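Thanks for coming. I will put the structure up and then go through how its chains fit together.

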Amino acid sequence: MKISARNQFHGEVTSITLGAVNAEVTVTLKGGEQIVAIVTNESVKSLNLKPGSEAVALIKASSVLVMTEGSGVRLSARNSLAGKITALEKGPIHAEVSISLPSGELVHATITHAACDALGLAEGAAATAVIKAPLVILGVPG
Amino acid sequence: MKISARNQFHGEVTSITLGAVNAEVTVTLKGGEQIVAIVTNESVKSLNLKPGSEAVALIKASSVLVMTEGSGVRLSARNSLAGKITALEKGPIHAEVSISLPSGELVHATITHAACDALGLAEGAAATAVIKAPLVILGVPG
Amino acid sequence: MKISARNQFHGEVTSITLGAVNAEVTVTLKGGEQIVAIVTNESVKSLNLKPGSEAVALIKASSVLVMTEGSGVRLSARNSLAGKITALEKGPIHAEVSISLPSGELVHATITHAACDALGLAEGAAATAVIKAPLVILGVPG
């Protein structure tokens with residue numbers, strides 16, 4: 001897809017819960033991972049989303065947090081994708097961390113250089129990508 | 001305004017839909033573009049927002065995705081602003097893309113350097129700025 | 001905590017308002033500042049959040065805007081933390097701004113280099129960190 005979202009996960013809508021204004025939509029990826037997105041009810045209608053619909057979950061790298069094992073904390077964020085760091089690139093302010101999931105899917109996160117150093121992130125280490133559901137955008141084939 | 005949001009769009013509130021907790025507010029810019037924001041009902045009340053109110057839609061550059069023509073995809077994101085790339089600046093991790101709308105309004109996006117290269121973005125090319133409504137902050141004169 | 005969120009504010013849940021899908025949770029920090037988070041009702045349940053619960057508010061630096069005094073504007077964003085700039089680091093695209101609150105708590109923001117220059121930010125100057133409530137993630141001890 002010709003869109004800048006660094007993370008583009010293709011899958012199938014497996015559940016939709018409508019609220020007053022917003023809906024919670026679960027997309028199950030080919031590798032079995034699930035991504036929960038909060039979108040408006042109006043988007044569910046205009047994209048004609050239904051269980052079984054093909055969909056892509058788009059997530060900017062800047063929306064992704066990185067957690068290391070043993071954080072000893074449970075989070076309100078609905079999406080947690082555990083894997084292994086396969087690439088790490090540092091700039092003066094930010095770092096880009098790439099985490100490979102068991103299914104082979106890659107998740108990219110941009111975090112601050114300072115946070116990257118504080119966590120001692122390194123290639124090969126286990127890490128979990130954490131994403132709040134309202135930051136996920138859904139797309140359907142044109 | 002003295003606030004760091006790279007995108008500051010001045011306009012008029014043209015519609016408000018209240019939900020249980022959140023409200024959807026549409027701001028129509030002088031050039032005719034519309035920006036949809038999701039804010040809490042409490043903010044609608046405390047800012048005294050009404051159709052006809054003067055308002056500014058504030059959007060961080062990091063909240064903006066860039067889509068190129070022919071993406072063949074429909075998105076859940078409520079805001080799509082089509083224009084032409086007028087500036088492109090690359091850093092080691094991020095790139096800043098400036099898109100000029102037909103009205104002359106400029107939209108700034110920071111995306112990853114990798115996404116910028118993957119899309120083949122270049123000055124002069126057509127591009128669309130995509131923004132999720134919950135990432136828009138509304139401001140009113142003091 | 002072993003998570004990349006540059007801002008991690010420890011405190012106590014002091015109020016919870018449930019909506020249809022989302023809940024508004026206020027965390028009061030030791031220094032008295034309050035952080036409002038919007039999370040799903042399901043997260044309130046799964047984290048067993050109640051008034052009096054210990055909680056940490058996690059905020060990515062990229063979710064924080066910086067406002068200088070005399071902006072003459074009222075905003076829809078629910079969180080405004082006023083303090084003084086104690087560090088400023090510039091990269092080619094972004095700048096990282098650290099604001100010290102009266103309680104001693106530090107808030108980190110990444111904004112564009114261009115916005116930083118336009119605001120004339122400098123160490124020692126007064127500044128306010130602005131954060132939309134849906135961008136706050138809540139954590140509780142494991």
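Let me start inside one chain: which residue stands opposite Phe9(A) in β4(A)? That residue is Ala57(A). Before going further, note that this is a predicted model, and everything I quote is computed from it.

The two strands in that pair are β1, residues 7-18 of chain A, and β4, residues 54-59 of chain A. They pair in the antiparallel sense, over six bridges. β1(A) has another partner in β2(A), again antiparallel, and here seven bridges join the strands. One example is Thr17(A), whose bridge partner in β2(A) is Glu24(A). The connection from β1(A) to β2(A) is a hairpin through three residues. As a reminder for reading the strands on the screen, in a regular strand the side chains alternate between the two faces of the sheet.

Now the arrangement of the copies. In general, two copies of a chain are related by a rotation about an axis and a shift along it. For chain B onto chain A, the rotation is 120° and the shift along the axis is 0.0 Å, with an RMSD of 0.0 Å. The two copies are therefore related as by a three-fold rotation axis. What in chain B has its C-alpha nearest the axis? That is Ala20(B), at 3.7 Å.

Chain A goes onto chain C by a rotation of 120° too, with 0.0 Å of shift and an RMSD of 0.0 Å. In chain A, the residue that comes closest to the rotation axis is Ala20(A), its C-alpha lying 3.7 Å away.

Next, the interfaces, beginning with chain A and chain C. The size of an interface is often given as the accessible area lost when the parts come together. Between chain A and chain C about 2,800 Å² is buried, and 63% of that is on carbon and sulfur atoms. Chain A puts 35 residues into the contact and chain C puts in 38.

How many salt bridges are there between chain A and chain C? The count is one. Its members are Arg78(A) and Glu42(C), with an N to O distance of 3.3 Å. Polar contacts across this interface come to 15 residue pairs, both residues at pLDDT 80 or more. On the side of chain A that touches chain C, the elements giving two or more residues are β2 (22-29), β5 (65-67), β6 (73-75), β9 (106-112) and α2 (113-119). By residue type, that side divides into 18 nonpolar, twelve polar and five charged.

There is also strand pairing between the chains. β6(A) pairs with β11 of chain C, residues 137-141, in the antiparallel sense over three bridges. Within that pairing, Arg74(A) stands opposite Val140(C).

On to chain B and chain A. Here the buried area is about 2,700 Å², of which carbon and sulfur atoms give 63%. The contact takes 35 residues from chain B and 38 from chain A. The interface has one salt bridge, formed by Glu42(A) and Arg78(B), with the closest N and O atoms 3.4 Å apart. Polar contacts number 15 residue pairs, with both residues at pLDDT 80 or more. The elements of chain B that each supply at least two residues to the side touching chain A are β2 (22-29), β5 (65-67), β6 (73-75), β9 (106-112) and α2 (113-119). The residues on that side are 18 nonpolar, twelve polar and five charged.

In this interface chain A contributes β11, residues 137-141, which pairs antiparallel with β6(B) over three bridges. Which residue of β6(B) does Gly139(A) stand opposite? It is Leu75(B).

Last, the charged pairs. Side chains of opposite charge can pair when their charged atoms come close. Over all chains the structure holds twelve salt bridges. One of them joins Arg78(C) to Glu42(B), at 3.3 Å from N to O. This pair crosses between chains: Arg78(C) is in the loop between β6 (73-75) and β7 (79-90) of chain C, and Glu42(B) is in helix α1, residues 41-46 of chain B.

That is what I had to show.

Definitions and conventions
Residues numbered from 1 in each chain as written. Chains lettered and ligands numbered in written order. Predicted model: local features only at pLDDT ≥ 70, side-chain atom pairs only at ≥ 80, totals over all residues. Heavy atoms only, no water. Least-squares fit on C-alpha atoms with pLDDT ≥ 70 in both. Contact = heavy atoms within 4.5 Å. Buried area = accessible area lost by both parts, 1.4 Å probe. Salt bridge = Lys/Arg side-chain N within 4 Å of Asp/Glu carboxyl O. Polar contact = N/O pair within 3.5 Å; in protein donor to acceptor, adjacent residues only side chain to side chain. Helix = DSSP H or I, 4+ residues; strand = E, 2+ residues; numbered from the N terminus. Nonpolar A, V, L, I, M, F, W, Y, C, P; charged D, E, K, R; others polar. Pairing = 2+ DSSP bridges.
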